[in-house]
Amino acid sequence: MLLHLGAVKGGLGALMLRRVCLLSRHAHSYSQSVEHQPIKKVMVANRGEIAIRVFRACTELGIRTVAVYSEQDTGQMHRQKADEAYLIGKGLPPVSAYLHIPDIIRVAKENNVDAIHPGYGFLSERSDFAQACADAGVRFIGPSPEVVRKMGDKVEARALAIQAGVPVVPGTDGPITSLKEAEDFAKTYDFPIIFKAAYGGGGRGMRVVRNYEELEENYNRAYSEALAAFGNGALFVEKFIDKPRHIEVQILGDKYGNVIHLYERDCSIQRRHQKVVEIAPAAHLDPHLRDRLTKDSVNLAKQVGYENAGTVEFLVDKNGKHYFIEVNSRLQVEHTVTEEITDVDLVHAQLRICEGRSLPELGLKQDKIRINGSAIQCRVTTEDPARGFQPDTGRLEVFRSGEGMGIRLDSASAFQGALISPHYDSLLVKVISSGKDLPTAATKMNRALAEFRIRGVKTNIPFLQNVLSNHQFLYGTVDTQFIDENADLFHLKPVQNRAQKLLHYLGHLMVNGPATPIPVKAKPSDTDPVIPTVPIGEPPLGFRDVLLKEGPEGFARAVRQHKGLLLMDTTFRDAHQSLLATRVRTHDLKKIAPFVAHNFNNLFSLENWGGATFDVAMRFLWECPWRRLQELRALMPNVPFQMLLRGANAVGYTNYPDNAVFKFCEVAKENGMDVFRVFDSLNYLPNMLLGMEAAGSAGGVVEAAISYTGDVSDPMRQKYSLEYYTQLAEELVKAGTHILAIKDMAGLLKPEASKILIGTLRDRFPEVPIHVHTHDTAGAGVAAMLACAEAGADIIDVAVDSMAGMTSQPSMGAVVACTKGTELDTGISLEKVFDYSEYWEVARGLYAPFDCTATMKSGNADVYENEIPGGQYTNLHFQAHSMGLGNKFKEVKKAYAEANKILGDLIKVTPSSKIVGDLAQFMVQNSLTREKVEERADELSFPLSVVEFLQGHIGIPHGGFPEAFRSKVELEKGKTLHIKALALGDLNKAGQREVFFELNGQLRSVLVKDTQAMKEMHFHPKALKDVIGQVGAPMPGKVVEVKVKQGQKVEKGQPLCVLSAMKMETVVNSPMDGIIVKLHVNPDSTLEGDDLIMEITAEQ
């Protein structure tokens, strides 16, 4: 109906100008005998910080205050700040409650309210609300209903501006009623264009359209947003001015025709047309332009008889030309910066003007208004800049604000324990700084923001800090494309959040209990190796030819169907890592590569890259690891290459950004890598899934590797039980691994354990190839690997004889000989193994200074006790000698076992094995026993690797962190946390319990999921991120529209549904081509982040 009326009005464009002329003719017909009518009680028909701002002003003037609140706002601070508070809109949706005019008027009448302040947003620019107040005998703190109507109708306001001689942007004469009208406008004025809500602002219902393809969708979204935010979806269209400055002028008018301006604000720093940072006055603004802007603003206000506070908004293009946008007939969110530079309390002025006082009476004369310094306002919101400013919701577990000289805070919901809902605006607190100039104000603001501590929800503070440090912001001019054109603003400094993470961990232990019980000088040889004879011509076909022809899935099938035992040769990497500290040069690898290609074409793969290859090649050998890969691939085109990928760590020792891991795998595949053995040092599934997805996306063979420790054949050792490994394998197979691997880094797999583990996995996963990796430290490697093969393993790892044994892999020759003529026959010539071994026996002498036999003469079965990984065993032995502890290596090994217990019995693979080794050597150096370490944990300066592990840098270990030890460790020099557990709360509807602590003398609490209770409760399923067809909610919110049906065919990028959160709408698009197989939502469904929306399968 409103759209229809808008169309009628728009259609009477010829009459409109006449009407405007009549309005302006009578604009100065003011009564000069207005009586002063003191206000005794004020209601604020709004919520949050603006309500509190008005309440404070009223209290200062001795006026009683009344708050209204929706059912969803019962816990909001604004109702507690008022003298009286009343519920409105019972049973209505959250926003609708604050738009329900009859209920608001009823509460005002019943409670003898003299005047209503509308705040901003909601009903603040609704003329029918202003009229309803007048009809009920309640004063409206703002312009008259007629002026609100004229200014609120942007089309009419535009006509008035034209009449007043104020420049305007080309636009439609009235609200548009159809998509065709928008198309016609675009044909006339060309793109880009912009849709704007006809009856409200704040960026709601505002959409920029840059081409025809975007037109329809943006029209629909703008209409829907405007309807939801203002109760009226009417839109009008304007030509979009590219990269303008957004300048607005603050005005004040009284009932006697007096109008003044309070200078301008620069609101150019915007995101999605919503202001983020505001500045007063505008930096580097030409004085003549300032005069034109303020003069036009005052003239327009006088022409319409403007009363009370308002803002005239302009766009200023690159040539300094200004264009009128609109008048906001209300107080603005950013009014604070004007107050700071003019020392005028705008809310005081609003109240007094409403009482009938004139501007001169209030001491507000134009010649008295001066600019004093500079002010900045930052809107701290619960939005995540790293995820496209998606709104975040939840509970504020910690809130500590920044304060001090030159800082003002306007807030409402910013307190510890506050619930941030998806129903309203994401504004948390407005931070205002003032100083003698812009750089000074920015310095104060930066300092204040750095003092904030907000935990429980994401905020935009790191982004705001980047803005404030930007040179263009501080010393130049900014336009509305500032954010879009400064990508470095999104290089966000991560929040440490150490204490809260620790509280969450302790809380999890208190609610769910611990996952496991707490446990009371050689020279290089002068002889060069002789290269065995290599046949002329191309090497024979190998498994890589199968891979290239059949792809990863076909390759995996071929491996599984292969008769006999397949071998992976580690000589090109892990063997020389374990024995020669990874020092073998590409030169020596290239010399033997053609022989391997011709004589070992039936190898499953050759491990030659990844892991320590990178840091040793670049730090010590001064080689390019990528060139090594390229050159070896050219020499061995028929044998698949395999590398180690440390999950989210790639080939490093810390977590990398997801896109870096994906790009690494993509480039590795392009340069010749085939099989990616993906593992995580803690078997931390999220890290593994990332690596698997990256390798799979690159087109590689995904081999998910479970790191093995413990002893599945020992019933007394149950932390890493058979069930643990089978459950983890289940998750990896479910995630789509092509090959399942067991990575026994310490060589702990005994023959009996091998039969149990591999036999169980083979029974559980009959179609999946199984690959086993071990080290021969104890000397039982061949026996264990043969047991694995007999139990169903398809592939085992070996090294050529002269590079095998001790901390390397089992002997290739031994395995080939033992299986010859059996069902497990490898098909490899033993004579060729001897030739291969002879080369490496001589080549090994070239690296004598790095050979482990310089300090270590044999392996040792005590590895079953200390569980030191093969490569690390060699390194620790060498390090112990280099540190003067060579005669104490036995103590180092014993300390390694004790350190492992202190840290909670870890899976020991790089980098977790390094952490245990660092702690062990620390203990030996300082003559510390396990008991002394645990007793004195709060005073010892532990190795950085240990501290970072306890901080969660490499993930969460199976069974959790060792809580008794971790709670005492100093997380940072000079940063000691004193924590006392206080109480455990009852179960809530979300399956959580509130756990209360005293942290450094202050009360803190965290919400922890009760895993046992949640098994009996129903929750909306979550989308699995590694499953492409599962579409999850990108943010918490409400489903506004579902645009597809079950069984419907969709294309990649096609809109699937629309979510609304904090009054902003987001379109969820299809991640792939396919068919909708299941919908999990309906319109009006309320979702949390990552809740499953729908499932899509690829079309067959």
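**Helix α27 and its surroundings**

Five residues of α27, namely L722, Y725, T726, A729 and E730, meet I756, L757, T760, L761 and R764 in α28. The two helices pack at an angle of about 35°. Their axes lie 11 Å apart. The crossing of α27 past α28 is right-handed. The model analysed here is predicted.

Helix α27 spans residues 722-734 and contains 13 residues. From first C-alpha to last, α27 reaches 18 Å, close to the 18 Å expected at 1.5 Å a residue. The buried residues of α27 are Y724, Y725, T726, L728, A729 and L732. In an α-helix, residues three or four places apart point the same way, because there are 3.6 residues a turn. Y725, T726 and A729 are buried, and these residues also take part in the meeting with α28. The packing partners of the buried residues comprise two helices and two strands: α26 (685-697), α28 (751-764), β27 (701-707) and β28 (739-743). After α27 comes G736, with a positive phi near 100°.

Strand β28, one of the elements packed against α27, holds K743. The UniProt record, in an unreviewed entry, lists K743 under "modified residue: N6-carboxylysine". K743 has a relative accessible area of 2% and is therefore buried, the cut-off being under 20%. Leaving aside residues up to four places away in sequence, K743 touches L644, F679, A705, I706, S707, Y708, H773 and V909. Among these contacts, A705, I706 and S707 fall within β27 (701-707).

A second buried site is P911. This proline sits in the loop between α34 (889-902) and α35 (912-925). Its relative accessibility is 7%, so P911 counts as buried. Beyond residues up to four places away in sequence, P911 touches N649, Y653, S681 and I954. P911 and P657 are 254 residues apart along the chain. Their C-alpha atoms are separated by 18 Å.

Confidence was also examined along the chain. The average pLDDT is 88, and 94% of the residues score at least 70. Over residues 516-520 the pLDDT is below 50. That stretch has 6 contacts in the model beyond near neighbours in sequence. Residues 1-32 also stay under a pLDDT of 50. For residues 1-32, the model has 44 contacts beyond four places in sequence.

Methods:
Residues are numbered from 1 along each chain as its sequence is written. This is a predicted model: local features need pLDDT of at least 70, side-chain atom pairs count only at pLDDT 80 or more; totals for chains, interfaces and linings use all residues. Side-chain values use heavy atoms; hydrogens and water are left out. Helices (H or I, at least four residues) and strands (E, at least two) are DSSP runs, numbered from the N terminus. The expected span of a helix is 1.5 Å times one less than its number of residues. Buried means under 20% relative accessible area, exposed over 50%, partly exposed in between (1.4 Å probe, protein chains only). Contact means heavy atoms within 4.5 Å. pLDDT is the predictor's confidence in each residue, from 0 to 100. UniProt positions are given in the numbering used here, feature names are shortened, and annotations may be inferred rather than shown by experiment. Axes are lines fitted to C-alpha atoms, for helices over the stretch in contact, and angles run from 0 to 180 degrees between N-to-C directions. A crossing is left-handed if the near helix is turned anticlockwise from the far one by less than a right angle, and right-handed if clockwise.
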